[in-house]
Amino acid sequence: MEPSRISLRPFKPSDADDFLAWASDDKVTRYLRWKSITSIEEASTYIQQVAIPHPWRHSICLDGRSIGYISVRPESGEDRHRAHMGYAVGSEHWGLGIVTAALKMAIPRVFEAFPFVVRLEALVEEENVGSQRVLEKVGFVKEGFLRKYGFNKGEIRDMFMYSLLRSDQIAL
Ligand SMILES: CC(C)(COP(=O)(O)OP(=O)(O)OC[C@H]1O[C@@H](n2cnc3c(N)ncnc32)[C@H](O)[C@@H]1OP(=O)(O)O)[C@@H](O)C(=O)NCCC(=O)NCCS
C-alpha cells in the first residue's frame with residue numbers, strides 16, 4: 001500500500017454511506033464496544049451525534065474515502081494525562097498495513113492536540129491477534145494481561161494492556 005493514499009481527517013456528514021459499508025459488518029465490530037449499525041439513518045445519526053462531537057475521532061481515508069477510524073479520548077480531571085485509543089478499518093482492507101500507517105500518522109497529531117497527554121493506552125482482547133500485531137509494529141509496549149477486564153457483547157473478556165508514552169519512539 002502506497003502510504004500517500006492514506007490520510008486522516010475529521011468525520012463529515014457525507015461519510016454516512018462509506019461508514020455504513022464497514023460499520024454494518026459484524027467481523028469489524030466483533031472487538032468494538034458497539035454493535036453493527038444497520039441503516040443509513042443510524043449511520044448519519046452516529047456520525048452527527050458520536051463521531052463529530054468526539055474529542056478526537058478521525059476518519060482513516062483511502063484515496064480520500066472514509067474506510068475506518070481512529071479515536072482517542074483523554075481521561076478527565078487529574079487522569080487527563082492518560083488517553084484511550086481505538087481503531088478499525090473495513091475488512092476488505094485488512095492486512096495491507098493501513099491501520100499501522102494510520103496510527104503512525106495519528107500519534108504525533110494526538111500528542112500535539114492534547115499537550116497534557118503523556119500516555120496512550122489500548123486494550124485488546126486475547127483473540128484479537130491482528131490488533132496486537134498492529135500495536136507492536138507501531139512501538140506500543142505490551143504491559144500485561146488483565147483477567148476478566150473488559151465487557152463486550154454480553155461477555156466479560158480477558159484483555160492485554162498496551163501503552164505508548166510521549167517519550168517513546170514510534171517505530172519507523
Ligand atoms: C485489527 C485491525 C485494526 C488491523 O488493521 P490492518 O490495517 O489490517 O492492520 P495491518 O495490516 O497494519 O497489520 C496487521 C498485522 O496483523 C497480522 N495479523 C492479522 N490477523 C492475524 C492473525 N489472525 N494472526 C496473526 N497475525 C495476524 C497481519 O499479518 C499484520 O502483521 P504483519 O504486517 O507482520 O504481516 C483490523 O483487522 C480491524 O479493523 N479489525 C476490527 C476492529 C478491531 O479489532 N479493532 C481493534 C480493537 S482493539
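Reader: Which residues does I70 touch, once those up to four places away in sequence are left out?

Author: In this predicted model, I70 touches L8, H58, I60, Y87, A102, L103 and A106, where two residues are in contact if their C-beta atoms lie within 7 Å. I70 also belongs to the largest nonpolar core, which has 40 residues, and it is listed with I60, A102 and L103 among those with the most contacts inside that core.

Reader: What makes this set a nonpolar core, and which elements give two or more residues to it?

Author: The name applies because the members are buried residues of the nonpolar kinds named for a core, joined through C-beta atoms within 7 Å. The elements that give two or more residues are helix 1 (16-23), helix 3 (40-51), strand 3 (65-74), strand 4, helix 4, strand 5 (119-125), helix 5 and strand 7 (155-165). Helix 4 gives the most to this core, with 7 residues.

Reader: Which residues of helix 1 are buried, and against what do they pack?

Author: In helix 1 the buried residues are A16, F19, L20, W22 and A23, a term that requires 20 or more other C-beta atoms within 10 Å. These buried residues pack against helix 2 (26-29), helix 3 and strand 3.

Reader: Why is D63 called exposed?

Author: D63 has 10 C-beta neighbours inside 10 Å, and because a residue counts as exposed at 12 or fewer, D63 is placed in that class. D63 lies in the loop between strand 2 and strand 3, and its phi is near 50°, a positive value in a residue other than glycine. The hairpin of these two strands has 2 residues between the strands.

Reader: Why is K153 called partly exposed?

Author: K153 has 13 other C-beta atoms within 10 Å, and since exposed requires 12 or fewer and buried requires 20 or more, K153 falls in between and is therefore partly exposed. K153 is found in the loop between strand 6 and strand 7, and although it is not a glycine, it has a positive phi of about 50°.

Reader: How do you know that strand 1 and strand 2 pair, and in which sense do they do so?

Author: Pairing requires at least two bridges, and strand 1 and strand 2 (residues 57-62) are joined over 5 bridges in the antiparallel sense, with S59 in strand 2 as the bridge partner of R9. By the same criterion strand 2 and strand 3 pair, in the antiparallel sense over 6 bridges, and there the bridge partner of I60 is G68 in strand 3.

Reader: What makes strand 1 and strand 6 edge strands of the sheet?

Author: The open sheet has 7 strands in the order 1-2-3-4-5-7-6, with mixed pairing, and strand 1 (6-10) and strand 6 (141-152) are its edge strands, since each pairs on one side only. Strand 6 is joined to strand 7 by 8 bridges, and the two run antiparallel; in strand 7, M161 is the bridge partner of G144. Helix 5 packs on the sheet, touching strand 5, strand 6 and strand 7, and its direction makes about 155° with that of strand 5.

Reader: How many residues surround the ligand, and which element gives the most to the shell?

Author: The ligand is surrounded by 20 residues, of which the closest are A88, V99, T100, G130 and R133. Strand 4 (82-89), helix 4 (98-113) and helix 5 (129-138) are the elements that give two or more residues to the shell, and helix 5 gives the most, with 5 residues. By class, the shell has 13 nonpolar, 6 polar and 1 charged residues.

Note on methods:
Residues are numbered from 1 along each chain as its sequence is written. This is a predicted model: local features need pLDDT of at least 70, side-chain atom pairs count only at pLDDT 80 or more; totals for chains, interfaces and linings use all residues. A residue is near a molecule or strand if its C-beta atom, placed from the backbone, lies within 6 Å of it. Helices (H or I, at least four residues) and strands (E, at least two) are DSSP runs, numbered from the N terminus. Ala, Val, Leu, Ile, Met, Phe, Trp, Tyr, Cys and Pro count as nonpolar, Asp, Glu, Lys and Arg as charged, and the others, Gly among them, as polar. Axes are lines fitted to C-alpha atoms, for helices over the stretch in contact, and angles run from 0 to 180 degrees between N-to-C directions.
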